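Got your viewer open? Here's a short tour, one selection at a time.

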Amino acid sequence: VEGGGLYALGGLTIDTYTAEVNLFGVERSSSDTSVGLNLGAGYVLDLDRQFIPFGDVRYIISEVDQVFIRVGAKYSF
């Protein structure tokens, strides 16, 4: 993006876990998978061709709704 600008985010989230416990000789295991949706927006600032800072906010709609905030920079050699 020349000079910087807004961008949109969207995607699918698939979370899975497996837990195994052996407590006093009794083995138990549990697993689960959930599917969610990511929606968000961000801004990228093109200071020069090598250093590009960005930030975005994403809302994850799933069994456990979350807000995810990310700030970073890309550097090209």
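How many bridges join S3 to S4, and do these strands run parallel or antiparallel? Ten bridges do the job, and the two strands run antiparallel. Bear in mind along the way that this is a predicted model.

**Stop 1: the S3–S4 hairpin**

Select residues 51–61 for S3 and 66–75 for S4. Between them you'll find a hairpin that links S3 to S4 through four residues. To get a feel for the register, pick out a couple of bridge pairs. Tyr 59 has Val 67 as its bridge partner in S4. Phe 54, for its part, is partnered by Gly 72 in S4.

**Stop 2: the salt bridge**

Now show the side chains of Arg 70 and Asp 56. They meet in a salt bridge, 2.7 Å from N to O. Since Arg 70 sits in S4 and Asp 56 in S3, the pair ties together parts that are 14 residues apart in sequence. If you go hunting for others, here's the tally: the structure holds one salt bridge.

Buried or exposed: which word fits Asp 56? Asp 56 counts as buried, because its relative accessibility is 2% and the cut-off for buried is under 20%. Arg 70 comes out as partly exposed, at 33%.

**Stop 3: around Asp 56**

Keep Asp 56 selected and bring up its surroundings. Which side chain, besides that of Arg 70, makes a polar contact with the side chain of Asp 56? The side chain of Tyr 7 does, at 2.9 Å. Leaving aside residues up to four places away in sequence, Asp 56 touches Tyr 7, Leu 9, Ala 41, Gly 42, Phe 68, Ile 69 and Arg 70. Show those as sticks and you have the whole contact list on screen.

**Stop 4: over to S2**

Next, select residues 26–44, which is strand S2. S2 pairs with S3 in the antiparallel sense, over eight bridges. The link from S2 to S3 is a hairpin through six residues. For a marker on this side, take Leu 39, whose bridge partner in S3 is Tyr 59. You've met that tyrosine already: Tyr 59 is also the bridge partner of Val 67 in S4.

**Stop 5: the nonpolar patch**

Switch to a surface view and select Leu 37, Leu 39, Val 57, Tyr 59, Ile 61, Val 67, Ile 69 and Val 71. Together they make a nonpolar surface patch of about 750 Å². Which strands each supply at least two of its residues? S2, S3 and S4 do.

Click on Val 57, a patch member that lies in strand S3. Val 57 counts as partly exposed, at 43% relative accessibility. Compare Asp 56 in the same strand record: S3 is its place too, but Asp 56 is buried, at 2%.

**Stop 6: Ser 34**

Last selection: Ser 34, back in S2. Ser 34 is buried, with a relative accessible area of 13%. Not counting residues up to four places away in sequence, Ser 34 touches Thr 13, Ile 14, Asp 15 and Glu 63. Before you close the viewer, try the distance tool on the C-alpha atoms of Ser 34 and Val 21. The two are 13 residues apart in sequence and 21 Å apart in space.

Note on methods:
Residues numbered from 1 in each chain as written. Predicted model: local features only at pLDDT ≥ 70, side-chain atom pairs only at ≥ 80, totals over all residues. Heavy atoms only, no water. Salt bridge = Lys/Arg side-chain N within 4 Å of Asp/Glu carboxyl O. Buried < 20%, exposed > 50% of the residue type's maximum accessible area, 1.4 Å probe, protein only. Pairing = 2+ DSSP bridges. Polar contact = N/O pair within 3.5 Å; in protein donor to acceptor, adjacent residues only side chain to side chain. Contact = heavy atoms within 4.5 Å. Patch = residues over 30% accessible without salt bridge, like charges linked within 9 Å, V, L, I, M, F, W, Y side chains within 5 Å. Areas by Shrake-Rupley, 256 points an atom, 1.4 Å probe, with all protein chains shown as cover.
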